[in-house]
Amino acid sequence: MTGNRAAVLLVGLTGGIASGKSTVARLFGELGADIIDTDEIARALVRPGSPVLAGIIERFGPDLQTADGSLDRRRLRTLIFADPEIRRELEAMLHPPIRAEALARAAASSAPYAILVVPLLFETGFDRLVDRRLVVDCPESQQIERLIARDGISETEARAMLAAQMSREERKLRADDCLDNSGSLESTQSRVRELHANFLHLATNCPRP
């Protein structure tokens, strides 16, 4: 890990959209890991009345603000997936404060290790902040089914979202650990327990530079 180093072993958790990252993170949390979710940090940064939200609305237009003053996250996500340049601009606005807050939480952690949940871990360079990279994976057909059920979108929209992300193959090639989340919850829990034991071993026995 380069740059600022967390006080604990820091595991970056990522995966394609609708691969089950939140479920896996919850399972690690139940075993005692600290969970640092960058989506949660981002939501706090763009709360109604925040300067970050004001900057987004000023740059990308009032259509991204709902009647109650909050960010229309679904509309913004559609915009981001449709236009890579807009995605890069938004990342430039959000990633520095997200990174600072994530590292501050990791530095304050008293757990043996922390899980840093970053949907675009490799694409955004957050992989350089962590000690290990864990990819949650499932077949694209499952991702599409879950997206349609979760977000009420069409199959065409779901496929476009997947096409805008890094491929499964590249994510797995860049991973230190991979978790197949295509089966039952029990099988996922078993794999999480196995990884948890390994992370505890690494945190306790392996020196970190």
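**View 1. Lining of the largest pocket, by residue class.** In this predicted model, the lining of the largest pocket holds 18 nonpolar, 10 polar and 13 charged residues. The pocket has a volume of about 1200 Å³. Its lining counts 41 residues. Closest to the pocket centre are Asp39, Arg73, Arg77, Pro119 and Leu120.

**View 2. Helices around the largest pocket.** Five elements each give two or more residues to the lining: helix H1 (21–30), H2, H4, H5 and helix H6 (140–151). H5 gives the most, with 8 residues.

**View 3. The largest nonpolar core.** This core has 34 residues. Ile56 and Leu116 touch the most other members. At least two core residues come from each of helix H2 (38–45), helix H3 (51–60), helix H4 (73–82), helix H5 (84–107) and strand S3 (113–117). H5 again leads, giving the most to the core with 7 residues. H2, H4 and H5 thus appear in this list and also among the elements of the pocket lining.

**View 4. Surroundings of Leu116.** Neighbours within four places in sequence are left aside here. Leu116 is in contact with Leu10, Val11, Gly12, Leu13, Ile36, Thr38, Ala102, Phe126 and Val130. Leu116 itself belongs to the largest nonpolar core.

**View 5. A second nonpolar core.** This core is separate and has 18 residues. Among its members are Val11, Leu13, Ala33 and Leu202. Val11 and Leu13 are also contacts of Leu116.

Note on methods
Residues are numbered from 1 along each chain as its sequence is written. This is a predicted model: local features need pLDDT of at least 70, side-chain atom pairs count only at pLDDT 80 or more; totals for chains, interfaces and linings use all residues. Side-chain values use heavy atoms; hydrogens and water are left out. A nonpolar core is a set of buried Ala, Val, Leu, Ile, Met, Phe, Trp, Tyr and Cys residues joined through side-chain atoms within 4.5 Å. Buried means under 20% relative accessible area, exposed over 50%, partly exposed in between (1.4 Å probe, protein chains only). Helices (H or I, at least four residues) and strands (E, at least two) are DSSP runs, numbered from the N terminus. Contact means heavy atoms within 4.5 Å. On a 1 Å grid over the protein atoms alone, a cavity is a set of points where a 1.4 Å probe fits but cannot get out, and a pocket is an open set with protein on both sides within 12 Å along at least five of seven lines; lining residues have an atom within 4 Å of a point. Grid points are joined across faces, edges and corners, and a volume is the space filled by probe spheres set on the points. Ala, Val, Leu, Ile, Met, Phe, Trp, Tyr, Cys and Pro count as nonpolar, Asp, Glu, Lys and Arg as charged, and the others, Gly among them, as polar.
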